[in-house]
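Okay, thanks everyone for coming. I'd like to walk you through a structure that's new to most of us, so let's get it up on the screen.

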Amino acid sequence: MPVLTGLRLVRYGLKPQPFGGVQAQVQLRADGPDAALQAVTRFFHGGWLQDSPEFLTAVLALLPGRGVNLREEGQVIRQGDRLHLWSDMTYFERTAEADLEFHEVCEVVRLNLHLLTLKREWLTSPSRRGLPSYEEHRGFRVQLLRPESESSAPISGW
């Protein structure tokens with residue numbers, strides 16, 4: 001099973017979709033096989049994780065031997081201080097796609113929870129709207145959007 005170490009969130013942004021809504025764009029970095037990192041990235045892009053905090057908080061609360069299943073988007077199972085991860089429907093296979101430090105995954109999940117809170121506050125506010133983002137070396141930011149009556153285009157500058 002491929003082992004990843006040093007997992008961290010490098011960048012998180014929201015990309016407006018042509019027919020409404022936004023899509024999360026998550027960039028992770030870790031040491032280890034590229035295929036394992038790609039599996040972890042696919043898992044964190046999953047709609048079940050990005051649309052509601054319920055599954056993210058379930059990952060944080062995992063006890064050894066327990067797991068969180070995201071249906072067609074993957075599964076994680078905690079094994080002691082490690083987390084075994086399968087992306088997409090690969091959990092029918094016996095071997096996990098990635099073996100990660102549980103505490104490192106929790107740090108990424110906590111940042112993701114903060115971003116979901118910002119997303120909810122900034123995209124649903126009638127008085128001010130914006131697209132929250134995160135960059136490892138800059139922290140959290142919000143790109144302001146024009147009021148809906150004017151345009152949904154971003155306001156230039158931050």
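**Starting from the core**

So, the largest nonpolar core here has 40 residues, and the ones with the most contacts inside it are Leu7, Leu9, Tyr12, Leu28, Val40 and Phe44. Where do those 40 residues come from? The elements giving two or more residues to this core are β1 (5-16), β2 (22-31), α1 (34-45), α3 (53-60), β5 (82-87), β6 (98-101), α4 (102-124) and β7 (129-135). The largest share, ten residues, comes from α4. As general background, nonpolar side chains in soluble globular proteins tend to be buried together. And before I go on, please keep in mind that this is a predicted model.

Let's zoom in on Leu7. What does Leu7 touch, once you skip residues up to four places away in sequence? You get Leu28, Arg29, Ala30, Leu37, Val40, Leu100, Glu104, Val105 and Val108.

Okay, on to the strands. There's an open sheet of four of them, in the order β3-β4-β5-β6, and the pairing is antiparallel. Why do β3 and β6 each have one side without a neighbour in the sheet? Well, β3 (67-69) and β6 stand at the edges with a single partner strand each, so one side of each is left free of a neighbour there. From one strand to the next, the twist averages 20°.

Inside that sheet, have a look at β4, residues 74-79, which pairs with β5 in the antiparallel sense over six bridges. If you want a spot to click on, Arg78 stands opposite Leu83 in β5. Then there's α1, which lies across β4, β5 and β6 and runs at about 80° to β5.

While we're on β5, that strand also holds His84. Is His84 buried or exposed? Its relative accessibility is 16%, so His84 counts as buried, the cut-off being under 20%. As for its surroundings, and again leaving out residues up to four places away in sequence, His84 touches Met1, Gln75, Val76, Ile77, Gln79, Ala96, Ala98 and Asp99.

Last stop is Gly47, over in helix α2, residues 47-51. Gly47 has 23% relative accessibility, so Gly47 counts as partly exposed, a class that runs between 20% and 50%. And how far is Gly47 from Leu144? They're 97 residues apart in sequence, and in space the C-alpha to C-alpha distance is 24 Å.

That's my tour, so over to you for questions.

Notes: Residues are numbered from 1 along each chain as its sequence is written. This is a predicted model: local features need pLDDT of at least 70, side-chain atom pairs count only at pLDDT 80 or more; totals for chains, interfaces and linings use all residues. Side-chain values use heavy atoms; hydrogens and water are left out. A nonpolar core is a set of buried Ala, Val, Leu, Ile, Met, Phe, Trp, Tyr and Cys residues joined through side-chain atoms within 4.5 Å. Buried means under 20% relative accessible area, exposed over 50%, partly exposed in between (1.4 Å probe, protein chains only). Helices (H or I, at least four residues) and strands (E, at least two) are DSSP runs, numbered from the N terminus. Contact means heavy atoms within 4.5 Å. Two strands pair if DSSP finds at least two bridges between them. Axes are lines fitted to C-alpha atoms, for helices over the stretch in contact, and angles run from 0 to 180 degrees between N-to-C directions.
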